[in-house]
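Work through these exercises with the model open beside you. Each task is followed by its solution.

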Amino acid sequence: MRLMMLALRNIRRAWRGGELGLLAFSLTLAVSIVTGIAGFSERLSRGMEQQSHHFLAADRVLKTARTVPDSWLLEAQQRGLKTATVASFRSMIYAGEQMQLASIRAVSDGYPLIGQLGVSDAAFGDAQLVEHGPSAGELWLDSRLLALLDLTTGGEAGVGEADFTVSRALISEPDRGNMNEMLAPRAMINLADLAATKVVQPGSLVRYRYLFAGSEAQLADYENWLTPLLEAGQRWEDVRDGQPAMATTLKRAEGYLLLAASLGVALAGAAIALAARRYGQRNSDNVAVMKTLGARRRQILHHYLAQLALLCAAAIVLGGLLGHGLQWALFASLQGLIDIDIPPPVWRPLLVGAITALLCTAVFALPPVWRLSKVAPLRVLRRDTEDSSEGMVASALIGVTGIGGLMWWYSGNIQLSAALLVASIALGLLATVLVLWLVSQARRLSAGRSRGALRLALAAIYRRRFANAFQVASFALALMTLTSLGLLRANLLVDWQMQLTEGAPNHFLINIQPTEIAPLEGFFQEHGLSNAGLYPMVRGRLTHIDQRAIKDIADIDAERGNVNREINLSWAAELPSDNRIEAGTWWTASDLVATERVPVSVEADLAKQLQLSLGSELSFNIGGQSLVAVVSSIRSLDWSSMRPNFYFIFPPDSLRDYAGSYITSFYLPAAEKPLLTDLLRAFPTMTLIEIDALIAQMNTVVGQVSAAIGLVLALVVVCALLVSVANVQASLDSRLQENAILRALGASRQLIANGLLLEFAAVGFLAGLLAALGSNIALYGVQRWVLDMAPVWHGSVFMVVPVLGAMTMAITGWLYCRVVISTPPLQVLARQ
Amino acid sequence: MIRVQNLCKTVTSGAQELAILRGINLEIKAGESAAIIGVSGAGKSTLLGLLAGLDNATSGDIYLHGQNISLMTEDQRAALRAQHVGFVFQSFQLLPGLTALENVMLPLELSGHASPETAARVFLEKVDLADRGHHYPRQLSGGEQQRVALARAFAVEPDILFADEPTGNLDEQTGQRIIELLFALNSETRTTLVLVTHEMALAQRCGRQFVMHDGVLTEAVSNAESADTGMKQSSPAQSGELPCA
Ligand SMILES: Nc1ncnc2c1ncn2[C@@H]1O[C@H](COP(=O)(O)OP(=O)(O)OP(=O)(O)O)[C@@H](O)[C@H]1O
Ligand SMILES: [Mg+2]
């Protein structure tokens, strides 16, 4: 109790002394920014993830080719999970004279567990949302099926041996599924009617999806129970597995937010480090006096540790509150931009904030306090007994490592944390070397030549060279963070917008016969539609790799490798515009004459899965005939680009002997949807795939994510500014002293002001240069390994960032140092 | 009270060795007052710092209150200071963040005094600053600051008081006032006083005078005792052996 009182009184005294203020401010800000960003991104990504579960119509899905025992579902229900079953198969649908192949889903009553179905009373009509599938005896048909079958709602149609009333047009499903499933238009019946159709016979191809929904804990619990029971061919999936394009977007967004929050932590840490150093320096004199008055080392330690502990506790409480306010403000500013339910606040960010405060205090404030306890009492008689740069490297290293650990703990991503750690250490070293070299160079050049004031100033800079290096390094870190995040944001947005620009193709048309090309282009022209070009396509199956049969190659997961089914093969003379060659070369006309073996270009991810390299020999079975080709290049491409993409591309003419068709994609505005009926009537054998609903979903997500990223970036700007303020403040005392002396010696205010501005601008400029270099390197790593994007080099930042850095530093410096310049020299000198 | 034997202090700056103190011998009894005078750079502050245990000697022994502080750890010396030593500096050395009263309370708190505030108030009263207790050092004039420092030094009722040019930063009149106060408090508390100064007049008020010259301390013997020599070397340097080898 007495100790507590003493500590409280000490902190009150220290507060008045002014040294504690900046440290307290930085700590509180660090906690609030970390709690704010961490909480915001965690809640946002949870919200987005919850919403993304709509895309599964459930939280988890069990995919299987056979029915599973009823006991599995009972078990799930007993554990509090909701379940539903979807059986899908292909079958003909008959209506009067017409018949059409359809991809049919038989759904149980609970379907969809999450999300809604869009239905309408007319083909291509406006969707009205319902939370259930068709009742027994009802058949819901895709608009194109209605068109193809010449039906309107209320009509009759048959599936297998059962008859149904066509009650609704099916406009949208939450879990529309991948394109493969959409090749045939969709129809939906109730699971209870499945048996009556008699289409499901032993050996017929039916896929089952068992849907589960419940709390994460229940799901995890059930997953633990279920996993040991799963057989080959049964897959337990969450939204990430089911929706590659969406998953990539979400993963990138999450990665970005995580990165931003981690860097926010690092920046706050840097600000605390600067403040703590100043705290230490300002207290050295006090400690010397206290020791002279008989304070023992333990007393000094207690005194300062108690201060830090109280400070830390206050920062956690206050910062936590502010952080939650920040979360609230962030979500408020997003209102209208996003339409997801924000999950309630969570504890983890507060914990992250608290641990950040504790760790930052331990790592950055303890070493100066520890050094304080070792301050020699002799300092009261001789001021220069302490070397201020002593232990700085060690504490910088401890600090960087501590922050790295914190980022690791927070992000759970060791690569990311390690990359940032290495980058900041390298940056720090580089800054130190560069500054030391420049300072010694400047001193050498000006030796004997410069006039008094300038020489004094240079000497002062030289004396502070380690502190200056530290400043450059920390500011460079702040700028680098900002630059990287800014560039990354631009990259992400460009990337997403490329996929989702207004007018990006939203319909695919396949099975176009060569003879239909001319009439189809006529149709497009007549209705003013533009298409993404016609690509030839041959369906084939990969059978052998280097003469080994695919089914014998044990380490290929046939399902994941997409090889156990027919694949679209294409041919082209030119590399498709959004593809990039990763290895090998694209063919030229002369290559093709020279070789007798057929070359083939393979998509990079597939090549990796199948462990293909240049020169691998591939055998294909195309409509019963076999074709042998040699891998001549490996291409990377963007599967989310909504254009026709191919795993395998052959040279023109090499697939001439095989019956092929063409594929195209085109953009159709929502208002012109009824045109599709005309299209399908004019070209009944073509298959239409609508992906506009999927694109609309993507658009919403991208919109939310971009807005969130913009806000987080703004917060990081605040962190970076904090670092620059702390930076300027760190040198305020010694500047105050120096400039008082300079002015006492007759230097004009103008001269001192210019000198100050110049020095700050130089620090900012150097930091900017380093940041431009560092951010390019960091970005390369982050894009390549964390976000899974193609890296881009940004030359322009070398022009912009140093100037920006110089200006920021100069302005901050000016704002703070007006005091230095306008304080009468006597007042400063008298304080000594 | 204070006994110094063969005290040497050598510092190395760069490649050069600089002998600041070269074999100091000194004995000051309880209740005595001693002045150390000498030109700037002679080593007066260095000696004072060593006597108070603020720094380690290169060789030699210092006995303070009967204990050899050369053998003590820094913390033990600090504890000794807390109990027995007071300090007054040329540059006052008040903590800027504490009020005058709190500055006086600080050493009392450090030595575990039962009621630091009451005691501190008593001593502020003695230096005529009872009404300025809540002011911060920057709100006080130099003379006032030094009076607070005096109160702080005497508040713990030390056995020994060290003062390093206590009037060095003050004008003559203010300095005079500080000196009066110093000696008044000194005689009241019967403290052993070691005072470093430039001023002959001030030195004369002390019972004994020592002259520091080039790292060697010599006692100026009062005229009555030894009119013929006038000076008495306190160090054994004259015997020919090198004390600081
Ligand atoms: N740690 C050290 N390193 C280098 N030189 C030192 C050190 N400590 C003291 N000196 C030198 O020793 C000499 C004596 O210093 P000291 O401060 O004791 O002198 P002083 O007699 O108190 O002078 P003044 O009257 O000016 O205060 C000076 O020349 C000083 O520069
Ligand atoms: Mg001195």
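**Exercise 1: Contacts of ligand 1**

Find the polar contacts of ligand 1 with chain B, counting pairs of N or O atoms within 3.5 Å.

Step one: a polar backbone atom of B:Ala42 sits 3.2 Å from an oxygen atom of ligand 1. Step two: turn to side chains. B:Ser40 places a polar side-chain atom 2.4 Å from an oxygen atom of the ligand. For B:Thr46, a polar side-chain atom is 2.5 Å from a ligand oxygen atom. Step three: check the cover. Ligand 1 alone exposes 640 Å², and the protein buries 69% of that (Shrake-Rupley method, 1.4 Å probe).

This is a predicted model: local features need pLDDT of at least 70, side-chain atom pairs count only at pLDDT 80 or more, and totals for chains, interfaces and linings use all residues; side-chain values use heavy atoms, without hydrogens and water. Residues are numbered from 1 along each chain as its sequence is written, while chains are lettered from A and ligands numbered from 1 in the order in which they are written.

**Exercise 2: The shell**

Describe the residues around ligand 1 (a heavy atom within 4 Å).

Step one: place the ligand. Ligand 1 lies between chains A and B. Step two: list neighbours. There are 13 residues around ligand 1, and among those that come nearest are B:Lys44 and B:Ser45. Step three: find the main element. Helix H1 (residues 44–51) of chain B gives three residues, the largest share of the shell (helices are DSSP runs of H or I, at least four residues). Step four: sort by class. The shell has six polar, four nonpolar and three charged residues, with Gly counted as polar.

Notes
A residue is near a molecule or strand if one of its heavy atoms lies within 4 Å of it. A polar contact is a pair of N or O atoms within 3.5 Å; within protein, one must be able to donate a hydrogen and the other to accept it, and residues adjacent in sequence count only if both atoms are side-chain atoms. Helices (H or I, at least four residues) and strands (E, at least two) are DSSP runs, numbered from the N terminus.
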